[in-house]
Structure formats: C-alpha cells, structure tokens
Amino acid sequence: MDYIKNIAEDVIKTFEKVSNLVKSQSDDYKSINPSSIASMNTFTSEAAIENLDIISSANISSIKIIANEPAIARIICEDEVGVPIIYYITRTTPISGLNELGTKFASYRSPVGALAARNVGSEFVLPNGKHLTILEKSMLQPTRLPNGWDSLDTFISSNDFDDVTVQSLRAILIDRKDDQDSEIEDKLSKLLEKEDETVNIFQGKKRSMIEKMGLRDRPILDEYQDEIFRMPINKKLIILGPPGTGKTTTLIKRLGQKLDIENLGSSERNIINNASIYNQENNFDSWIMFTPTILLKQYLKEAFSRENVPASDLRIKTWEDYRRELARSFFSILKTANGGLFILNNFSIITPQAIANPHSWFEEFYKWQKNYFFINLKKSILVLNEDKDSNINNIVGKLAKILENEEEINAVSVFSELAAKQDKLREIDNELKSSINKIINLFFNIQLDKDDKFLNEFSDFLDVFINTNQDEDEDNEIDDEEIDDDLESDQPIVSSHQRLTNAKITLERAIKVEARMFVNKRYLNKNSKNFKIIEWLNSRCLDNESKSNLGALLQKQSDIRKLINPLSKYLNRIPSRYKIYRREVKSSSLWYKNDFKNENINDLEIDILILSILSSYNEFVQIQDIFNKIDEPIWSPLKRILVLYKNQVLVDEATDFSSIQLACMYALSNPKINSFFLCGDLNQRLTNWGIKTTKELETIFSNLEIKKLDFPYRQSRQLHEFSNQIIKNMDENFVPLNISSKDLFEGVFPTLLANANTIDHEVEWLSERIKEIESFIGKVPSTAVFVNSEDQVQVIGMLLRKALEKYNINVVPCPMGQATGQDNDVRVFDIQHIKGLEFESVFFVSIDDLFIKNPELFDKYLYVGVTRAANYFGCTCKFDLPKKIENLRSHFKSKWS
C-alpha cells in the first residue's frame, strides 16, 4: 500500500507540474509570425509560411491535449548500471520544460514511446543504443476534479507485487486520521480506511464498462499492435482479426504517428519529403480514409480528434460518396449538366459471375480498351500513310512501324514519337478545318438566302424535339474513337440565351455526322436525334457530291486529330470505350445481362471504370523520364491525376469492399510512398462482393504484408465462446485460439425469446431485459437494438420507447445509421449500419426473419451483431431459431436473473 501511495503522490504531483507549466506557456504563447523572419527565399516563402502555420496550429493543439491529459503512462526503467529513470508518456508531443534529473517525458508516437507497450521485465533499446530494463508500468487515465488532479482506474504492473487496478489515485492520498479524540475513533478510522482500500484497489486488471456509443479510447497499444503501427510509412499492410482486437485503434495510431513528422525517424522523413514531387499537399493533410458506413465515419472522426488529428469530411469518406464524386466531377463517367455519359442505375445489369470475379472482368476490359485505342490509332496511321500529301506521309511513316506488332504495343514509344510532330499535325488540322468550314458556311448561306428565318424555324423544331424525344440513341452512328473534337456528343450548350447559335451548332453536327456516315457507306440510326434533324432538312440537305467531299475531309481530319494530344484522348475516353466494349460483348460475355439501356451503369461498373482510368494514369506517371517532362504539352494531361494522390490511404472494414474497390483506393496512394493500410475481418464481410479470402488480397496487391491480431479485448468469456461457435458454423475447419479463460472477464450467457409470435411480445421482452441490466449495474449502459430493415427502425423504436418511458429510459430510432441522443439512450439501428462499433449490450430482433430475408449472409450478420456486444446479448424470434443455428440453443438463457 505504501508503495502504491508513493506512485500516487508522484503521479498527482507530476500532473500538477504539467498543468502549471501549460498555463504559463499558454499565457505567453504567441504563434510564429512570418514577418518576424529576417530573410525568406522568394521561391519557397509560400510553402514555408504554410508550414509555419501548420507548426503553430499543431503546437496549440498539443498544448490543449496536454492540458487535459498530462500523461497516459508512467514507466520506471533501469539502465545497464542500475540507475533508475522514470518516463512519463504523453499522447502528443510534450511541451518544453518538463524533463528533469531522473524523469523524462516522451510522446507515445516517438521511438521512446514504445516503452509503454512493453511488458514489465522486458528489455528496451533506446534510439541512442542504450539498454533499459522495465521495472514498473502504470497506465494512467487523468481527470481534473474540483479539488485537483486524479487518475481513474490506473492499472499498475510491477516486479515487486501482483498487478492491481486503482480506482482513484487521489483517494489513496486522503488521510482519514485527522484529529482523533479517542482510541475508539482511531480504531473506527482504521477500519474505514481499510475498507476504502479494499474498494479502491482491485487485484488484476479491472474491466471498464462501455457507457457510451462509439469507439473506445486505448491510448496505449499492446506490444504486437505497437510494432505494427510503427512500421515504415512505405508499406502495404492489412491487419486481420476478430472484433475487439484493436484493428481500428492500431490504424488510427499509425495515421497519427505518420502525420507527426517530428516523431518520425530520418528515413521516413526523407521518404515523405521525396514524395512531394507528386503531391504538393502538406503531409499533415495528405491522407484519406475509407469506411463502409456513415455511422462508423462519424465515430472515427471522434477517435481521430482524441489523437490530435483533424478529420474533416474531406479526409474520411465512404467509398460510395467518393466514387460518385470521382465519376461525376473528375472523370466524366456520370452525366452532369456539363457532360458525362452514363446514368447510375443499380438495377441488375451485371451477372453473379461479375460480382464473384471482378478482377478478371477488370483485366478483360482494361486490355480490350487499350487494344481498341491503338488498333483505331493504327488504322488512321495506315490510312494517312497512303495519303497523297507527302507531309502527312513523313509524319506517320515511323509510327506505322512502331505499331506493326499489335501484341506488344509500346504506348510510351508511340506517344513520344508523336510529341515531336504536334506542331505539324496542328497545321494540317487547321488547313482541313478551313476547307470543312467553307462547305458548312456555304450550306448555311444558301439556306439563309432562300429563307432568312431558316435557323429560327430549326430552333423551333429543336424545342419540340427535345420535349418529345428524351431517349434518343446514337450509339451506332459513329464509334467514339472516331469522333473528332467538333463532334463530341456531349458538347455543352453555349448559352440558353444564344438560341440561334445553339441551333447552328446542333445542325452543323448533324450534317457532319451524316457526311461521315455517307462516305463510310453507313446509315444513321432511325431513332437518333441526327436522323430526325436530317429528315427535317429534307431536300435542303447537302447534295451527294458535297456530302462526299465533306465526309472525306472530316474522315481525314478525324484521322489527323487522333494523333493530336493522343495521351489526353487515351485517358479521357476510357468511359466512351467502355460503352462500346459493353455493347459489343454483352451478348456473349460472362459479365452482363442483356436487358439494359446503353446509358445506364451499375455502381460496380463504375468501380471498373475508375480503376481503369487510375491504372492508365499510373502506367505513365510512374515512369520517371515521363514525369520529368510532365509540363510538356504531350504529357501535361498526366498532371490532372496528381491532386488525387495521398501520402497515406487507409481502409477500415476492408473486407466489405470488393477487390476492385480496394485496388482503386490503392491507386490513389502517392507512387513515391505506396502507403496503404487496411484492417478488417473475413468473418464480418456483409457484402456479396467483399473479400472472401486472403488469397484474393495477395492476387491484387504484390508485397502485401498480412498481420493478424488475435486477442479479443472486448467480449466476456461467454460471448467469446458463443462467437466462436457461430464462426464454426460458417467454417467447419475453424480452430479457435487457445485463449485462457482467466484472460477474459466473466460475463453472462446470451438470452433468447423464441416463438414470440407478435412484435408487441418481442418489445415487451426487450424492455424487461433492459430493465434487468439496469438493476444489475445501476444504470443503462451503451445499448443497441438491431432490426432487419430500415422500415423497422421507427416501428420498433417507437414501441420500445413507449414500453420504457415509465422507467425514464429514452429510446432513439437511428434511421440510415444516423446516431443522435444521449450516451445512456437505447438506440435502434438497421443491422447493416453498425460495423465497427461496440456496445455493452446488444439485442437482435426477429433473427428468423433475417434468415428468410438474407440466408446467404445470415451467419455473418449474426456474428457481427453478437460481436458488437461486450457482455449482454439477447435476440428474439417470431417463431423459432432457424435450423441453421439450432446448435447454438444450448448457449442461451431466457433471462439473466
């Protein structure tokens, strides 16, 4: 007891010292002012000022965190000659002025901070090579009380006594023997003091009940997790493990450390500095994290805040939102007011084979679109090589030889050869454009001479046509690789006020398309807009000779224009090529059904397109010789991708994403770093397209390191064994880890209501179990009720609220996973939204209905639901347990009391 009292005195004294020093530094603190710097390089001043602002902001944030949490661990070590030293570990960079003889402060993110993750008795080597032996470790939870600092539920491990948890360090320092008037009072004081000690000090590690919804804070990781988060930034890593093993916490710690350059070694700092050639964004902001649900995103932001990592919506994304952002605003896949090709429609466009094997689907398209582009390019070059114009022959002669071998086309060689020819090609294009314009202008002048209201009448026709023909189909008129810049089908309208100009542009396009079709002996699609326009012109159309001349000029111009800015066309027209690919292969392909409109696209198809585009950019950007020339016109289209690159890309619940989605995310990582960090659990996959095996991951990512976390920190022994049996049902070869029961806390068995028959009976049973929990522990802990669909959230929520209102227990329905309310509210969720969260108690409503609704993923939903609970789990059935889990019946009780 005296030794623990000494620890308490030192900790409280240290907290007070830190607090006073923080106050004095806060009073005197002034952010760095760039104007006070005597000399600044004009070329780097803007970046320097930005860095100073970031440093200033980080310093202020660190001071605030230290003010609320002076230290998170206290470690007593002994060096090689037996000299003791105390290390206080802080969550963030410690303020200056704290170190003194025999006592040092270090950030947990620093190399020295790894001391806090080591066990008592182990050895530790400092960065300077000095060896230490850890004698004692205290895990601190600082809290400021009205009468001073305290540390609650402090876990102390030492070589000198058994592990203990001290409920309050400050309580140990209170002396109950004030002025005693008699021996009896003194004996009474001793008796009360002994009782207080028994209540305040627990043998072993005391479990903390989950009192609020969210991700629990674990300031210090275990030794294995600690090693993972400190691995170099230029790694591809995935952590796999069951729920409650600290996967997400390790991910968050890793991100925070890699953003804190001050606590990184010189090799990692050099990697980050060298990566700036691809991304001018400051390292502190250069990261993105993907999560499958909005609810998890919300609580991840709170967890990041505890680590002094500002996490706005720009940084934490659901893939669904980010995919739409890329598809609409960046790659012009989805239609907008300014262009795009497709309308997102999640009807059943693709087959189960496409969902099961998306990587083969992607590889097939990626190879096809690349060949398609270069085959068309080769066709144009061969035609131009036969042209009577010797200038054209000279330009394309060498290209024809480069493209002779279609199986091994070197795209870099082709585009490099074209780079030197751009000026001459543009001269030829201008000459052709002039000749084409003469024919077109002559046509308009003739029509206007005959009827000066010609364009007005055509504009009136367009107004009627647009209102009555919304679904025209031009797919079969001109293949997209043949379309020149004047014929782009999604050319934006000039202005709604320029009515006649718009009419002229539209009519000119139709005339050009018809001329191209005429010279190629093809016909307009009768359902297309262009056919209707030519039909309206009737006898006013170009005569055949003019049509032939115009078509020939347009064909030559199209062939020439394929050679102008070819890289831009290669990259930007991948969505157009996908439209052609799908049209050509859908009747014979494994991937598509036959009954969909050409303008519709499925969200998983968008993933295929995004990966194809990102892969195409990366194919060139990562070639250093090309990157060195990125400002040259031929290569400048590559600059567009640089704004997407991030120094760190992280993924939570990675197994819910498809291999293509994960590959898209990886393609966003800065090529100079390739930092990609994932975590997940194969048994928690809640999507048909998610990752099923580690082999899938190894197929997609070369050099991927797989780390496994095993120890479940969350669940009681009873729920851990119950969870293992669910996994055994899914995989008969599953062998549970041999975890000693003494390492898990004793809880209660799961509860079951079978044959409820009515919702009212289920709700009544739920309310009784929730009241039962409150009677056990004196309050309502963090509690969730899971239902099988969104429409049940409000129904069950309102009925349960009514059943519990007389006990003043509030129930909050959470539609679409939007969490509101207070910490002790009972919340109702659709099961699909609760990945990654944890609660003290969880209830599952009508699991037999879930089995009927989704038999394929039923086991996984049940597993995810059970593993959200730390101690209390209950479920109801309208009728009886599904036969698939009949073997679980012996684990259940009807109630806890």
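The side chains of Glu886 and Arg889 meet in a salt bridge, with 2.8 Å from N to O. The model in which this pair occurs is a predicted one. Neither partner is buried: Glu886 has a relative accessibility of 37% and therefore counts as partly exposed, and Arg889, with a relative accessible area of 30%, is likewise partly exposed.

## Salt bridges

In total, the structure holds 44 salt bridges. Another of these joins Glu69 to Arg91, whose closest N and O atoms are 2.6 Å apart. This pair links distant parts of the chain, 22 residues apart: Glu69 belongs to the loop between α2 (45–68) and β1 (73–79), while Arg91 belongs to the loop between β2 (84–90) and β3 (103–107). Both Glu69 and Arg91 are buried.

Arg91 also meets the side chain of Glu307 in a salt bridge, at 2.7 Å from N to O. Glu307 is located in the loop between α8 (294–306) and β12 (316–318), and Arg91 in the loop between β2 and β3, so this contact ties together parts of the chain that are 216 residues apart in sequence. Burial is assigned below 20% relative accessible area. Glu307, at 6%, is therefore buried, and Arg91, at 4%, also counts as buried.

The salt bridges described individually are set out below.

| Acidic residue | Basic residue | N to O distance |
|---|---|---|
| Glu69 | Arg91 | 2.6 Å |
| Glu307 | Arg91 | 2.7 Å |
| Glu886 | Arg889 | 2.8 Å |

Glu69, Arg91 and Glu307 are also members of a network of salt bridges, in which they are linked with Asp217, Lys253 and Arg306.

## The six-stranded parallel sheet

An open sheet of six strands, paired in parallel, follows the order β18-β23-β22-β19-β21-β20. Its edge strands are β18 (751–753) and β20 (811–813), each of which pairs on one side only. From one strand to the next, the twist averages 20°.

At one edge, β18 runs parallel to β23 and is joined to it by three bridges. Here Leu752 stands opposite Cys875 of β23. Strand β23 is in turn joined to β22 by five bridges, again in the parallel sense. Within this pairing, Val842 has Phe873 of β23 as its bridge partner. Strand β23 is mostly covered, eight of its eight residues being buried.

At the other edge, β20 pairs with β21 (residues 826–830) in the parallel sense over three bridges. Pro813 stands opposite Val828 in β21.

Helix α26 (residues 759–777) lies across β18, β19 (783–787), β21, β22 (839–844) and β23 (869–876). The helix runs at about 155° to β23.

## Helix α14

Helix α14 comprises 29 residues, from 422 to 450. The distance from its first C-alpha to its last is 42 Å, close to the 42 Å expected at 1.5 Å a residue. The buried residues of α14 include the aliphatic side chains of Leu425, Ile428, Leu432, Ile436, Ile439 and Ile440, together with Phe443 and Phe444. Gln422, Asp429 and Gln447 are buried as well.

## Aromatic pairs

The structure holds 51 aromatic pairs. In one of them, the ring centres of Tyr108 and Phe229 lie 5.5 Å apart with the planes at 40°, so the arrangement is tilted. Tyr108 is in the loop between β3 and β4 (123–125) and Phe229 in helix α5 (residues 223–229), so the pair ties together parts that are 121 residues apart in sequence. Tyr108 and Phe229 are both buried.

A further pair is formed by Tyr570 and Phe620, whose ring centres are 6.1 Å apart and whose planes meet at 85°, so the geometry is edge-to-face. Tyr570 lies in helix α19 (residues 566–572) and Phe620 in helix α21 (residues 603–621), so this contact ties together parts that are 50 residues apart in sequence. Both of these residues, Tyr570 and Phe620, are buried.

Ring pairs also assemble a cluster. Its members are Phe342, Trp361, Phe365, Trp368, Tyr372, Tyr578, Tyr581, Trp591 and Tyr592.

Technical notes: Residues are numbered from 1 along each chain as its sequence is written. This is a predicted model: local features need pLDDT of at least 70, side-chain atom pairs count only at pLDDT 80 or more; totals for chains, interfaces and linings use all residues. Side-chain values use heavy atoms; hydrogens and water are left out. Two strands pair if DSSP finds at least two bridges between them. Helices (H or I, at least four residues) and strands (E, at least two) are DSSP runs, numbered from the N terminus. Axes are lines fitted to C-alpha atoms, for helices over the stretch in contact, and angles run from 0 to 180 degrees between N-to-C directions. Contact means heavy atoms within 4.5 Å. Buried means under 20% relative accessible area, exposed over 50%, partly exposed in between (1.4 Å probe, protein chains only). The expected span of a helix is 1.5 Å times one less than its number of residues. A salt bridge is a side-chain nitrogen of Lys or Arg within 4 Å of a carboxyl oxygen of Asp or Glu. Rings of Phe, Tyr and Trp (its six-membered ring) pair if their centres lie within 6.5 Å; planes under 30 degrees apart count as stacked, over 60 as edge-to-face and the rest as tilted.
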